[in-house]
Amino acid sequence: MDTAVWVFLLYGVTKLIEEDYTPQFAGTVCLLFSCYSLQDMNDAGWIATINNYLWPLAFFVGLLLILKKSLQGHPLKSMWGGAGIILAILACNHEQGAAAVFGSIVCCMLYMAWKKIKINPWVWGYLAAAIASLVFILACPGNEARKQTEISAYFQEFPELTLWNKLDMGITPLCRYSIIENSYLFLVFLSLLCIAVWRMQVASWKKYLAFAPIIGTVAVRYFLGEIKKFLPGIVNIVEPMGLKGTYISGSEWSVLILFFYAGMIALVLWELWLVWRADHEDGLFLFAVLGIGFGTAFMMCFSPSIWVSGVRTYLFWQAALVIAAGYLWEKYLEKPDRQKMIVMIAGFAVLSFIVHTDYILLG
């Protein structure tokens, strides 16, 4: 069943991005997913992570395929409409899945209203399923009891956290994971986004500035050892964060890393804005995909299990990077560029396999 879920997930993402399913692009999607940090799947044991995270993601992608038909104005037959209800319920069986389903349906409905596309009644049913699931998750006595248990056992300081602390914990760990740790998907996404900017009719300085996120990521990830010879304290930016987030009162280095993260986020958003200016639909799609993926990880800052759950909660964010990277690949790369990029992605996939398999075998 796990194999079937993986195959369906890979097929679904390919079909979601590319209308005509081709073996070449399917292979690209497989390579992109091969860049996923495999060690994340072992964060809470393989069975728990696959059943509780990977399966809802696959159901969510299946629902997106049905929503895509509705966005294109195609009528939904009863068989597909009913299948969508089942997929929505199964995807919403997971808190992050419920948030992703709700966010994606709202985005779809806003887009359909903007384009004056009639909203199919089945879509309202999917929205009702998502809302009902979110209400149940928030009101379930078992979830409240689990929250209190986690506070007493793992995170006793959680009730005392300020809103700033929670926002810090929701944003900066994801930045650290994507930029500093071995998130090869993030590097692939930044590279493809940079290529998209270079293919636009924009000023030269904007094209060169598009390299900044890649340079910043590579510098802090691979060359801190050299940089610390000139700035010894900078190595502190990769130290583990405190229980209240990255910011530590009186530490100038925690302020530096916050400014660094803010600058990286601003540069990526600026590049996405350039894509939006060139093509509104491309920009909206990328903002929606990355926003939903980010939101599923960010929402964990409101739960005391944020540190216990670990990096497996970034699965939806990683999937969002795959979809965004695949979309940029399909829309902005010519054949010669694709041949070069496929070598780079394959290299990252092999590197990811070596690094993370070694972690599993030795750990």
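Helices here are DSSP runs of H or I with at least four residues, numbered from the N terminus. The model is a predicted one, in which local features need pLDDT of at least 70 and side-chain atom pairs count only at pLDDT 80 or more, while totals for chains, interfaces and linings use all residues. Residues are numbered from 1 along each chain as its sequence is written, and side-chain values use heavy atoms, with hydrogens and water left out.

A cavity is a set of points, on a 1 Å grid over the protein atoms alone, where a 1.4 Å probe fits but cannot get out. Points are joined across faces, edges and corners, and the volume is the space filled by probe spheres set on them. One cavity of 30 Å³ or more turns up, and the largest holds about 40 Å³. Its lining (residues with an atom within 4 Å of a point) consists of Trp6, Leu9, Phe33, Tyr36, Leu54, Leu57, Leu315, Gln318 and Ala319. Helix 1 (2-17), helix 3 (46-71) and helix 16 (315-332) each supply two or more of these, with helix 16 giving the most, three residues.

Helix 16 also packs against helix 1, at about 45 degrees and with the axes 10 Å apart. Axes are lines fitted to C-alpha atoms over the stretch in contact, and angles run from 0 to 180 degrees between N-to-C directions. That makes helix 1 oblique to helix 16 (not under 35, over 145 or 65 to 115 degrees). Contact (heavy atoms within 4.5 Å) involves Val13, Leu16 and Ile17 of helix 1, meeting Val322, Ile323, Gly326, Tyr327 and Glu330 of helix 16.

Note on methods: 1 Å grid on protein atoms, 1.4 Å probe; cavity = no way out; pocket = protein on both sides within 12 Å on 5 of 7 lines; lining within 4 Å.
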